[in-house]
Amino acid sequence: MSCFLSNSSLGRKLVMSVSGCFLVLFILFHMSMNLVAIANAWGNHPFGLNYDAICEFLGTNWYALAGTLVLAFGVVVHIVYAFILTFQNRRARGNVRYEVTVTEKGVDWASKNMLVLGIVIVLGLALHLFNFWSKMQLVELLGHEPENGVELIRETFSNWIYVVLYLVWFAALWFHLTHGVWSMFQTVGWGNDIWYPRLKCIANIVATLVFLGFAAVVVTFFVLSLV
Amino acid sequence: MNFTLKIWRQKDAKSKGAFKEYHVKDISPDTSFLEMLDILNNDLVHAGEEPVAFDHDCREGICGMCSLHINGHAHGPEQGVTTCQIYMRQFKDGQTIVVEPWRSAAFPVIKDLVVNRSAYDQILQAGGYISVRTNSVPDGNAIPISKADADESMDAAACVGCGACAATCKNGSAMLFVAARVSSLAKLPQGRVEGARRAKAMVAKMDELGFGNCTNTGACQAECPKSISIAHIARLNREFLSAKFED
Ligand code: HEM
Ligand code: SF4
Ligand code: FES
C-alpha cells in the first residue's frame with residue numbers, strides 16, 4: 001500500500017490532496033491567529049485578545065515544535081510531489097505543441113498554472129520565514145529572547161515594499177486555493193455534477209476569506225504606520 | 001464558400017512535419033468538414049500531389065476515428081460533436097482554418113493528421129470488459145437497475161474512445177476515457193463483480209503507457225464530443241482508492 005502512493009497516478013494525487021488539505025487547515029488556523037494582531041494594533045487588548053500571549057504559547061514548547069515539524073513535513077511533501085507530478089505531466093504532453101491553443105470552456109486559469117502559483121507561494125514563504133520565523137521561533141530555539149510579535153509586524157509592514165510583496169503572495173495563494181480547494185475533494189472522489197458548483201463556491205469563499213484575513217493585517221499596520 | 005487551410009503534413013512517423021497552406025474554393029455551406037477535406041484531396045490527386053491522410057470511418061459520430069484538432073479545439077469549435085459532424089457553414093467565408101493531429105506523447109503521429117491511438121485499446125484490454133456469463137437471456141426483471149443508474153451508465157458508455165480527452169489535456173492524461181469505461185460498468189450489477197480489479201488494472205495500464213496525472217482542469221469534458229462529465233473521474237477515484245485500501 002505504501003507504494004501506490006508513489007507509483008500510481010491516483011495515489012500520487014491522493015498525497016497531493018491530503019497534504020493540500022492539511023495546508024489549507026493550517027492556513028485557516030494561521031489566518032485566524034493573525035486577526036488577533038489587528039485587535040492589538042492600537043496598543044490595547046480588547047476582550048482579552050493578546051497576540052503576544054499566542055506567540056509565547058507557540059514558542060518553543062514541545063507541542064509547538066512538533067507542530068512545526070509536522071507542518072514542515074507537509075509543506076515538503078506537497079512541494080516535492082508538485083514537482084514530480086508536473087514533470088511527469090510535461091513528459092506525457094510531449095514535445096510538439098499545438099499551433100493554435102484556446103482556453104476550453106469552463107476551465108480556470110489557476111488550474112493550468114498550479115505549479116507557477118506554487119512557486120510564487122514558496123518564494124513568499126521564504127520571505128516570510130526570514131521576516132518573522134527567523135526572528136521569533138528560531139531565535140528562541142537558539143536560546144535568545146524572541147522579538148515582540150506585534151512590534152515586529154508593525155515594523156515590517158511600515159515598509160511599503162513588504163506590503164506589496166506580501167499582497168502579491170496572498171494573491172497567488174488566492175488563485176491556488178480557488179482551484180486547489182475543490183480539486184482536493186474531486187481527487188478523493190467526492191464530487192458530482194450537482195456538487196461541482198457548490199464545491200467551487202466553497203473554494204472561492206475559503207480563498208477569499210484567507211486573502212482578506214491575511215491582507216487585513218498587512219494593510220492595517222501599513223495604514224497605521226502612515227498616520 | 002472559400003477557405004484557407006493550414007494543414008500539418010508529415011511523411012511518416014520518423015520525418016519532421018510542417019504546416020502547409022491550401023486553398024479550397026466554391027465549397028457549399030452544407031459540405032461536412034471531412035467532405036471538404038475529400039474535395040481538397042481530389043484536387044491534390046489531380047494535381048499529382050500526395051493527398052492529406054486523415055482518419056475517419058462511420059462519419060456519423062459513433063466510431064471515434066475522425067480525430068482532428070481544428071482551430072485550437074479537438075473535434076472543432078462545436079461542443080459535443082465529433083469532427084465528422086461539423087459543417088462548413090459553422091465557419092466564416094474566407095476564414096483560415098488550422099488543422100493539426102492530436103499532440104500527446106502517447107499518440108505519436110503516423111502520417112499527416114493520423115495518430116496511433118492503440119494506447120487506448122491497450123487500456124481497454126487491461127480491464128474494460130466483463131467476464132461474467134451473460135449469454136443466456138435472463139428474465140427482464142431479474143436484476144432491477146434503477147433508471148438513474150442506467151442513465152449514468154449509458155452516459156459514460158457514450159464514450160467513443162476518440163482520444164480527444166488526452167489530446168486536449170495539458171498533462172496528456174487519459175483519465176476521462178478510463179473513467180468513462182470504469183464508470184459505465186461500475187454502475188451495472190454485471191460490471192460490479194470485477195469493479196475493483198478493473199479500476200486497478202486500467203489505471204495501472206494507463207500509468208504504464210505514460211499518460212499524465214489528472215489536475216482536474218476540466219478541459220477534457222469541455223472538448224469531449226460526447227460531453228462525458230468529470231463526475232465519472234470522481235467515481236473512478238472512489239473505485240480505485242477504495243479498491244486500494246481494501247488490499
Ligand atoms: C499554503 C500553501 C499551499 C496550500 C494551502 C496548497 C493547497 C493545495 C491544494 C488543496 C491542492 C489540490 C490538491 C488536489 O488537486 O487534489 C493543491 C495542488 C497543487 N499545489 Fe498546492 N498548496 C500550497 C502550496 C503549494 C506550493 C508551495 C507548491 C509548489 C511549489 C504547490 C503546488 C501545487 C501543485 C502543482 C498542485 C496541483 C497538483 C496536481 O493536481 O497536479 N502548492 N495545492
Ligand atoms: S471520454 Fe470523450 S474525449 Fe475521451 S475518448 Fe471518450 S469520447 Fe473521446
Ligand atoms: S468518423 Fe466515426 S465518429 Fe467521426
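Which residues come nearest to ligand 2? Of the 13 residues around this ligand, B:C159, B:C162, B:G163, B:C165 and B:C224 do. Two elements of chain B, α4 (164–168) and α5 (175–186), each give two or more residues to the shell around ligand 2. By character, that shell divides into 11 nonpolar residues, 2 polar ones and no charged ones. The space taken by ligand 2 is the second largest cavity. Please keep in mind as you look around that this is a predicted model.

**The sheet of chain B**

Let us turn to another part of chain B. Here you will find an open sheet of 5 strands with mixed pairing, in the order β2-β1-β5-β3-β4. Why is one side of β2 and of β4 left without a neighbour in the sheet? Both strands of chain B, β2 (18–24) and β4 (73–74), stand at the edges and have a single partner strand each, so one side of each has no neighbour there.

Strands β1 (residues 3–9) and β5 (residues 96–100) of chain B pair in the parallel sense, over 4 bridges. To pick out a bridge on screen, start at B:K6, whose partner in β5(B) is B:V98.

A helix joins this picture: α1 (residues 33–46) of chain B lies across β1, β2, β3 (69–70) and β5 of that chain. Relative to β1(B), helix α1 of chain B runs at about 80°.

Here are the strands of the sheet with their residue ranges:

| Strand of chain B | Residues |
|---|---|
| β1 | 3–9 |
| β2 | 18–24 |
| β3 | 69–70 |
| β4 | 73–74 |
| β5 | 96–100 |

**Chain A**

What does the secondary structure of chain A come to? Chain A has 9 helices and 0 strands, so reading along the sequence gives the pattern α-α-α-α-α-α-α-α-α. The C-alpha trace of chain A spans about 55 × 40 × 35 Å along its principal axes.

Note on methods:
Residues are numbered from 1 along each chain as its sequence is written. Chains are lettered from A and ligands numbered from 1 in the order in which they are written. This is a predicted model: local features need pLDDT of at least 70, side-chain atom pairs count only at pLDDT 80 or more; totals for chains, interfaces and linings use all residues. Side-chain values use heavy atoms; hydrogens and water are left out. Two strands pair if DSSP finds at least two bridges between them. Contact means heavy atoms within 4.5 Å. Axes are lines fitted to C-alpha atoms, for helices over the stretch in contact, and angles run from 0 to 180 degrees between N-to-C directions. A residue is near a molecule or strand if one of its heavy atoms lies within 4 Å of it. On a 1 Å grid over the protein atoms alone, a cavity is a set of points where a 1.4 Å probe fits but cannot get out, and a pocket is an open set with protein on both sides within 12 Å along at least five of seven lines; lining residues have an atom within 4 Å of a point. A molecule sits in a cavity or pocket if more than half of its atoms lie within 2 Å of its grid points. Ala, Val, Leu, Ile, Met, Phe, Trp, Tyr, Cys and Pro count as nonpolar, Asp, Glu, Lys and Arg as charged, and the others, Gly among them, as polar.
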